[in-house]
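Q: Hey, got a minute to go through a structure with me? I'd like to start with how it was made and then look at some details.

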Amino acid sequence: MELNVDEVIERYVGSFGLPQLLQVMLVSFAWVFDSQNTLVTIFTDAQPSGWRCKTSADPSLSSSWCMNNTASGGGGNKGQSAGHVCGLAAGSWEWIGGNSASTIAEWYLICHRKFLAAIPTSLFFIGSIIGCAFCGHLTDVWLVRKKTLLLACILTSTTTFLTSLTPNIWVYSLLRFANGSAHSGNGICCLVLSTEVVGRK
């Protein structure tokens, strides 16, 4: 009588014992950090909370000029949309949370540059699609799943770290693309590694 893989696992290894639980937990641990790369854009690419007119030693950039030239007539209110600053002189206003609150605030992705804010996220998911095809082929042909998972974790960690050091939106977008390509290997390998040693029950 021939046994299939599931029957061999259930008869000789067990359906779900301590070794399988340990493997599922360790593999899932890699998944936790992988999901952070997908969800981080909610925070890094968030719209700043608001802006305010700032006082300046330069009389041409006074706060009264800023307040009088906002679209709503009161530019210092917290939570005002970024669109109202489009007609203001550079240096007459500032973000309430500072320039490091998000990529939009840091690189002033507002007004005529507003479309640039969507590029990093789009490239991340395009990279994920390309990375899935590449990592799937890499796993089946050249490397085994554990080595591909290790490589994907190293590349994901490296690109995540380098993303935090980016000087402009273009380098940031390129690294988000690379990060999306690298993190795809985690999902493919983790799914198979966490389920292949577990019995049908």
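A: Sure, here are some notes on helices, cysteines and pockets.

Q: What kind of model is this, and what rules apply?
A: This is a predicted model, where local features need pLDDT of at least 70, side-chain atom pairs count only at pLDDT 80 or more, and totals for chains, interfaces and linings use all residues. Residues are numbered from 1 along each chain as its sequence is written, and side-chain values use heavy atoms, with hydrogens and water left out.

Q: Ok, helices. At what angle do α6 and α8 pack?
A: About 35 degrees, with the axes of α6 (residues 119-141) and α8 (residues 169-195) 6 Å apart. Axes here are lines fitted to C-alpha atoms, for helices over the stretch in contact, and angles run from 0 to 180 degrees between N-to-C directions. Helices themselves are DSSP runs (H or I, at least four residues), numbered from the N terminus.

Q: And which residue classes make up the contact of α6 with α8?
A: That contact has 14 nonpolar residues, 12 polar ones and one charged. Ala, Val, Leu, Ile, Met, Phe, Trp, Tyr, Cys and Pro count as nonpolar, Asp, Glu, Lys and Arg as charged, and the others, Gly among them, as polar.

Q: New topic: how many disulfides does the structure hold?
A: Zero. A disulfide would be a pair of cysteine sulfur atoms within 2.5 Å.

Q: So is Cys132 buried, exposed or partly exposed?
A: Cys132 is partly exposed, at a relative accessible area of 37%. Buried means under 20%, exposed over 50%, and partly exposed in between (1.4 Å probe, protein chains only). Cys153 is partly exposed too, with 25%.

Q: What about Cys111, where does that one lie?
A: In the loop between α5 (103-106) and α6. Cys111 is partly exposed at 30% relative accessibility, and its phi is near 55 degrees, a positive value in a residue other than glycine.

Q: Last one: how much space lies in the largest pocket?
A: About 440 Å³. A pocket is an open set of points on a 1 Å grid over the protein atoms alone where a 1.4 Å probe fits, with protein on both sides within 12 Å along at least five of seven lines; lining residues have an atom within 4 Å of a point.

Q: Which residues lie nearest its centre?
A: Of the 25 residues lining the largest pocket, Asn37, Val40, Thr160, Thr163 and Arg176 lie nearest its centre. The lining has nine nonpolar, 13 polar and three charged residues.

Conventions: Helices (H or I, at least four residues) and strands (E, at least two) are DSSP runs, numbered from the N terminus. Grid points are joined across faces, edges and corners, and a volume is the space filled by probe spheres set on the points.
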